[in-house]
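Biologist: Got a minute to walk me through this one? I'd like to start with the sheet and then get to the core.

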Amino acid sequence: IMKKYILIIIVFLTSISLSAQTAEEFLDSVIKKMKSYDDISIVYKITNIQKDEYTDSSISSNGFASIKGNSYIMNMDGQEMVCNGEILWTHLIYDEEVMVSEATEDSSPIFIIDTFKENTTMSFVESNDIDIKTIEIKGNEDEIFEKIQISIDKNNLTVKKVHVFINHDVYSEELIYEITDFKTNQNLPDSMFIFDETMHPNVEVIDMR
């Protein structure tokens, strides 16, 4: 019986510790864990919703991305971006073109993660799933987004969904990224983050450096 009550107390104290965290502190713990991995690979579904006075449209597609330090590869909607931290290849698959440019610091996933919280306010919002904590982020007037809601599995600190709300002058837009597969520490080779022109002999290379 004593053991049972001790377990109940531990669970209770743990829940207090978690709930006592501010939204920013909780997001910091998620970011810290993400940056601890040697590499990350995700598969996701993206849904684009656009609404105006007359229309309400929704289009979905799938994509994947891998990150290793400042290197990354992203593939979505006929566009592939490959970066080894120094060179960025933007491959327009259907146009059979690849644009080569210098990678900039502000395009690095690590830089984006580190600076994402600047000029924003964060708060928890209600979630229908007891295992999910949702953080709502609102930017200042200069931000292109109205708000972003990030849904996080509180048990393993992995992001499950990112919901972006954008207000344009004449219509509203929502981008919903749902993570369908999440893998870490796969020992991804560095060659994965270099665009191999020999694998795409018909692609026109446009060097913008």
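Modeller: Here is a quick tour of the sheet, one helix and the nonpolar cores. It's a predicted model: local features need pLDDT of at least 70, side-chain atom pairs count only at pLDDT 80 or more, and totals for chains, interfaces and linings use all residues. Residues are numbered from 1 along each chain as its sequence is written, and side-chain values use heavy atoms, with hydrogens and water left out.

Biologist: Cool. What order do the strands come in?

Modeller: The open sheet has 12 strands, ordered β7-β8-β9-β10-β11-β1-β2-β3-β4-β5-β6-β12, with mixed pairing. Strands here are DSSP E runs of at least two residues, helices are H or I runs of at least four, and both are numbered from the N terminus. Two strands pair if DSSP finds at least two bridges between them.

Biologist: And which strands are at the edges?

Modeller: β7 (120-125) and β12 (204-207), each pairing on one side only.

Biologist: How do β3 and β4 run, parallel or antiparallel?

Modeller: Antiparallel, with five bridges joining β3 (residues 71-76) to β4 (residues 79-83). Y72 stands opposite C83 in β4.

Biologist: Switching to the core: which element gives the most to the largest one?

Modeller: α2, with five residues. That core has 15 residues, and L27, I135 and I148 are among those touching the most other members. A nonpolar core means buried (under 20% relative accessible area, 1.4 Å probe, protein chains only) Ala, Val, Leu, Ile, Met, Phe, Trp, Tyr and Cys residues joined through side-chain atoms within 4.5 Å.

Biologist: What other core is there?

Modeller: Another one, of 10 residues, lies apart from it and includes W89, V98, V100 and V203.

Note on methods: Buried < 20%, exposed > 50% of the residue type's maximum accessible area, 1.4 Å probe, protein only.
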